[in-house]
Amino acid sequence: MEIQSVGIVGAGQMGNGIAHVFALAGYDVLMNDISQQSLDKAMALIDRNIERQVSRGKVTADAKAEAMARITTTLKLADLGTCDLIIEAATERETVKNAIFEDLLPHLKPHTILTSNTSSISITRLASRTDRPEKFMGFHFMNPVPVMQLVELIRGIATDKPTYEALLAVVERLGKTAASAEDFPAFIVNRILMPMINEAVYTLYEGVGSVKSIDESLKLGANHPMGPLELADFIGLDTCLAIMNVLHEGLADTKYRPCPLLTKYVEAGWLGRKTGRGFYDYRGDVPVPTR
């Protein structure tokens, strides 16, 4: 099946990034959110980010204008029913995702492919709550979507070959690289990345090092572009905690137990960059470590 139109559920940092790359690749994009303010903010951000690509000579002004014209927005989830492909990019909570798919089902065309941008949740389990588990896949983009090259493709137990091949073709058209992952908790990238971040939080929690010393050690000693605590703030500490909980519950291994300090930060509402405070305080001109 040739995919021409794409519906995106969620206009947050992942949703607007996905809309950005699909529109530039020539797809018609319909982006949904429960808040008009979120949709307006997403469109402004997409415009700024593509303009940055224009200024760097990576995209022409005409290509930008065409891409922006391909993106429309809606507050009505049912409007996405006309799309060939739907990408759910809502918050990393299974109950929320299930509710979205349940609301979408009555409005979908028979051939519509459903996908989730989940970082960790079982694709098989999500698919089982729909009327088309054979046309359901994990479609996990990395953040920030316009910059990161990788897309994880995760098949559930019922996913058929044509669905996988259709998404493989989409990734190729986007100019990105696909990595196939089995449907185990957190897949490939986050199965490796999140325990590292969690261990960095434990290192802080146990007083082995400060926020600054931990991040500088990994940047200068392991050549990481961002320190693990800085990266956690960028991802969102709530997302990090949600993925660690999926790993801990799904694999039943104590090595995946979320650090109590990570839980405390989330309980305080210190979720990282998006709330202005996490392991760093972003409310001033320069980020300042909070511990």
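Residue I46 lies in helix α2, which covers residues 36-55; helices (H or I, at least four residues) and strands (E, at least two) are DSSP runs numbered from the N terminus. The model is predicted, and local features need pLDDT of at least 70, side-chain atom pairs count only at pLDDT 80 or more, and totals for chains, interfaces and linings use all residues. Residues are numbered from 1 along each chain as its sequence is written, and side-chain values use heavy atoms, with hydrogens and water left out.

With a relative accessible area of 0%, I46 is buried, where buried means under 20% relative accessible area, exposed over 50%, and partly exposed in between (1.4 Å probe, protein chains only). What is I46 in contact with, leaving aside its neighbours within four places in sequence? The residues are N16, A19, H20, M31, M68 and I71, contact being defined as heavy atoms within 4.5 Å. A200, by comparison, is 154 residues from I46 in sequence and 32 Å from I46 in space, C-alpha to C-alpha.

One of these contacts, H20, has its place in helix α1, residues 13-24. H20 is likewise buried, at a relative accessible area of 1%. Not counting residues up to four places away in sequence, H20 touches I46, N49, I50, Q53 and P146.

The strands may be considered next. Eight strands form an open sheet in the order β3-β2-β1-β4-β5-β6-β7-β8, and the pairing is mixed; two strands pair if DSSP finds at least two bridges between them. Because β3 (71-74) and β8 (177-181) stand at the edges and have a single partner strand each, one side of each is left without a neighbour in the sheet. On average, neighbouring strands of this sheet are turned by 25 degrees against each other, direction ignored. Axes here are lines fitted to C-alpha atoms, for helices over the stretch in contact, and angles run from 0 to 180 degrees between N-to-C directions.

At one edge, β8 runs parallel to strand β7 (residues 150-155), and five bridges join the two. In this pairing, L153 stands opposite S180 in β8. Towards the other edge, helix α3 (residues 61-70) lies across β2 (28-32) and β3, and the helix runs at about 25 degrees to β3.

The protein as a whole has 11 helices and 10 strands. Its radius of gyration is 19 Å, close to the 19 Å that the globule rule gives for 291 residues, so the protein is as compact as a globular protein of that length. The radius is taken over C-alpha atoms, and the rule is 2.2 Å times the number of residues to the power 0.38. The C-alpha trace spans about 55 × 45 × 30 Å along its principal axes. Of the 291 residues, 49% count as buried. Among contacts with a separation of 6 or more, 65% come from residues 24 or more positions apart. The protein exposes about 13,700 Å², of which carbon and sulfur atoms supply 53%; accessible areas come from the Shrake-Rupley method with a 1.4 Å probe, and for residues only the protein chains shown count as cover.

Finally, the cysteines: the structure holds zero disulfides, a disulfide being a pair of cysteine sulfur atoms within 2.5 Å. C240 is in no disulfide, and the nearest cysteine sulfur, that of C259, is 12 Å away. C240 is buried at a relative accessible area of 1%, and C259 counts as buried at 0% relative accessibility.
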